Amino acid sequence: MIDQVPCAQCGAPVSESSARRMNGLCISCKMKRTRTDPFHVFYNSLIDRVQRSRGGFDMLSEPEKLYFTVMLLRNEVNNGGFHQYFINSSGSYYGYTEKGLVALGATHTLDLLRQAKDILFPTISVPVNTELRRRVIPIVEPGAPAPEWANKLDELDRRFYADSENLTSRLKAFAREHRFVSEQQGADI
Ligand SMILES: [Zn+2]
């Protein structure tokens, strides 16, 4: 049975894993809030610039790069763990993600990221090329017992979800500090 918790806004039942991804909200409350959330609007504008502008990621300012890559990490791990972060194109920004976590003072999360890196890439640096990364990263065969590396990675995911240093609050503080959102917009969110 799936553990359910009440939506923080309307009280409708939400699965624990969805609630974790959606700040404790059900899908409809999440969508309503997202449309107007200045942090989300800004993040979407970054995605747009990275995907649609000619220079892509390189055209972002340095603080924007740091913010963007830590947001990618947070979203990927919340969605499918560290394994998904490295499998997807987000893992191409590993170097910036490390720098971003340093800038946020998120040393515990940085430690988890580096441990995950050491499990999946024990002898090489993280390949920037996504196809190359996918060739190197081990996968669990369906139906096969979880190998030791997968159990270790699961443990890191669990520690990430415990969020002992409140990564999202740090991201928001960083966004305010760098005027990605106005003080007023970002004040009570
Ligand atoms: Zn709701």
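This passage describes the domain division, selected helices and several individual residues of a predicted model.

The protein is divided into two parts, domain 1 covering residues 1-36 and domain 2 covering residues 38-182. The C-alpha centres of domain 1 and domain 2 are separated by 23 Å.

Helix α8 comprises the 15 residues 148-162, and its length can be checked against expectation, because a rise of 1.5 Å a residue predicts a span of 21 Å, in agreement with the 22 Å that separates its end C-alpha atoms. Four residues of α8, namely Leu153, Leu156, Asp157 and Phe160, are buried. These residues cover an arc of only 105 degrees around the axis, and they therefore fall on the same side of α8. The buried residues of α8 pack against α4, which spans 62-87, and against α6, which spans 107-120. On the face of α8 turned away from this buried side are the exposed residues Glu148, Asn151, Arg158 and Ala162.

Lysine 152 also belongs to helix α8, but it counts as partly exposed because 16 C-beta neighbours lie inside 10 Å, a number between the limit of 12 or fewer for an exposed residue and that of 20 or more for a buried one. Although lysine 152 and isoleucine 119 are 33 residues apart in sequence, their C-alpha atoms are 7.9 Å apart in space.

The end of α8 is followed by aspartate 163, which is found in the loop between α8 and α9. Phi of aspartate 163 is near 50 degrees, a positive value in a residue other than glycine. Most residues other than glycine have a negative phi. Aspartate 163 is partly exposed, since 16 other C-beta atoms are found within 10 Å.

In helix α9, formed by residues 167-177, the buried residues include Leu167, Leu171 and Ala175. Their arc around the axis is only 80 degrees, so that they lie on the same side of α9. The exposed residues Ser169 and Glu177 are carried by the face of α9 turned away from its buried side. Just after α9, a positive phi occurs at arginine 179, with a value of about 60 degrees although the residue is not a glycine. Arginine 179 lies in the loop between α9 and α10, the latter spanning 183-186, and it is exposed because 10 other C-beta atoms lie within 10 Å.

The packing of α4 was also examined with respect to helix α5, which consists of residues 94-104; the two helices pack at an angle of about 105 degrees, and their axes are 8 Å apart. This angle makes α4 roughly perpendicular to α5, because values from 65 to 115 degrees fall in that class. On the α4 side, Lys65, Leu66, Tyr67, Thr69, Val70 and Leu73 take part in the contact, where they meet Tyr96, Thr97, Lys99, Gly100, Leu101, Ala103 and Leu104 of α5.

Isoleucine 124 is located in the loop between α6 and α7, with α7 spanning 130-136. This isoleucine counts as exposed, because it has 10 C-beta neighbours inside 10 Å. Isoleucine 124 and valine 102 are 22 residues apart in sequence, and the distance between their C-alpha atoms is 21 Å.

Conventions. Residues numbered from 1 in each chain as written. Predicted model: local features only at pLDDT ≥ 70, side-chain atom pairs only at ≥ 80, totals over all residues. Domains from an automatic or database assignment. Expected span 1.5 Å × (residues − 1). Arc of directions from axis to C-beta. Contact = placed C-beta atoms within 7 Å. Axes fitted to C-alpha atoms, helices over the stretch in contact; angles between N-to-C directions. Parallel < 35°, antiparallel > 145°, perpendicular 65-115°, else oblique.
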